[in-house]
Amino acid sequence: MLWLFTKYALTALLVVLISETAKHNDRLGGLLAALPLVTVLVLIWMKLEGLPQAKIAAHAWYTFWYVVPTLPMFILFPFFYQRIGFWPTLAISCAMTIVIFLLWARLLKRFGVYLM
């Protein structure tokens, strides 16, 4: 139980530090948010918990493929946000990401990469 609490606390601390940094410095906050820090933490947690090498490697492999369809959101979010506001932009961004992910998964399936 202590281990689980430690994982929650460190992961939450990371998210809070990034959001607080972003309040004061857009570029540094963006850089920290773009770094795969949460994924690195997950890989560390998996290693410390004794998961097999294949499981950890598979996690990193699939993380790469799942990140790609999320990237268009970061280009379109600022464009829409200035025009239609935060909540509609967030909804459009999430819906767009789901659609792009489904299309991406269908495309990758042809190359032997199964995301679903």
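In the predicted model, the axes of helices α5 and α6 approach to within 8 Å and cross at roughly 150 degrees. Angles over 145 degrees count as roughly antiparallel, and α5 and α6 are therefore assigned to that class. The crossing of the two helices is right-handed.

The contact between α5 and α6 involves Pro 72, Met 73, Leu 76, Phe 77, Phe 80, Tyr 81 and Ile 84 on the α5 side. On the α6 side, the residues that meet them are Phe 86, Pro 88, Thr 89, Leu 90, Ile 92, Ser 93, Met 96, Thr 97 and Ile 100. In an α-helix there are 3.6 residues a turn, so residues three or four places apart point the same way.

Thr 89, a residue of α6, has a relative accessibility of 0% and therefore counts as buried, the cut-off for this class being under 20%. When neighbours within four places in sequence are left aside, Thr 89 is in contact with Phe 77, Phe 80, Tyr 81 and Ile 84. These four residues also appear among the α5 residues that meet α6.

Helix α5 covers residues 71–84. With 14 residues at 1.5 Å a residue, α5 should span 20 Å, and the distance of 20 Å between its end C-alpha atoms agrees with this. The helix nevertheless contains a kink of about 35 degrees at Phe 77, shortly before the proline Pro 78. Phe 77 is also one of the α5 residues that meet α6, and Thr 89 is in contact with it. After α5 comes Gly 85, which has a positive phi, near 95 degrees.

Helix α6 comprises residues 86–109 and includes Leu 103. In contrast to the buried Thr 89, Leu 103 counts as exposed because its relative accessibility is 53%, the cut-off for exposure being over 50%. The C-alpha atom of Leu 103 lies 8.9 Å from that of Pro 69, although 34 residues separate the two along the chain.

Helix α1 extends over residues 2–24. The expected span for its 23 residues, at 1.5 Å a residue, is 33 Å, in agreement with the 33 Å between its end C-alpha atoms. Lys 7, Leu 14 and Ile 18 are the buried residues of α1. The partners against which these buried residues pack are α2, at residues 26–34, and α3, at residues 37–48.

How values were computed:
Residues are numbered from 1 along each chain as its sequence is written. This is a predicted model: local features need pLDDT of at least 70, side-chain atom pairs count only at pLDDT 80 or more; totals for chains, interfaces and linings use all residues. Side-chain values use heavy atoms; hydrogens and water are left out. The expected span of a helix is 1.5 Å times one less than its number of residues. The bend at a residue is the angle between axes fitted to the seven residues ending there and the seven starting there. Buried means under 20% relative accessible area, exposed over 50%, partly exposed in between (1.4 Å probe, protein chains only). Axes are lines fitted to C-alpha atoms, for helices over the stretch in contact, and angles run from 0 to 180 degrees between N-to-C directions. Angles under 35 degrees count as roughly parallel, over 145 as roughly antiparallel, 65 to 115 as roughly perpendicular and the rest as oblique. A crossing is left-handed if the near helix is turned anticlockwise from the far one by less than a right angle, and right-handed if clockwise. Contact means heavy atoms within 4.5 Å.
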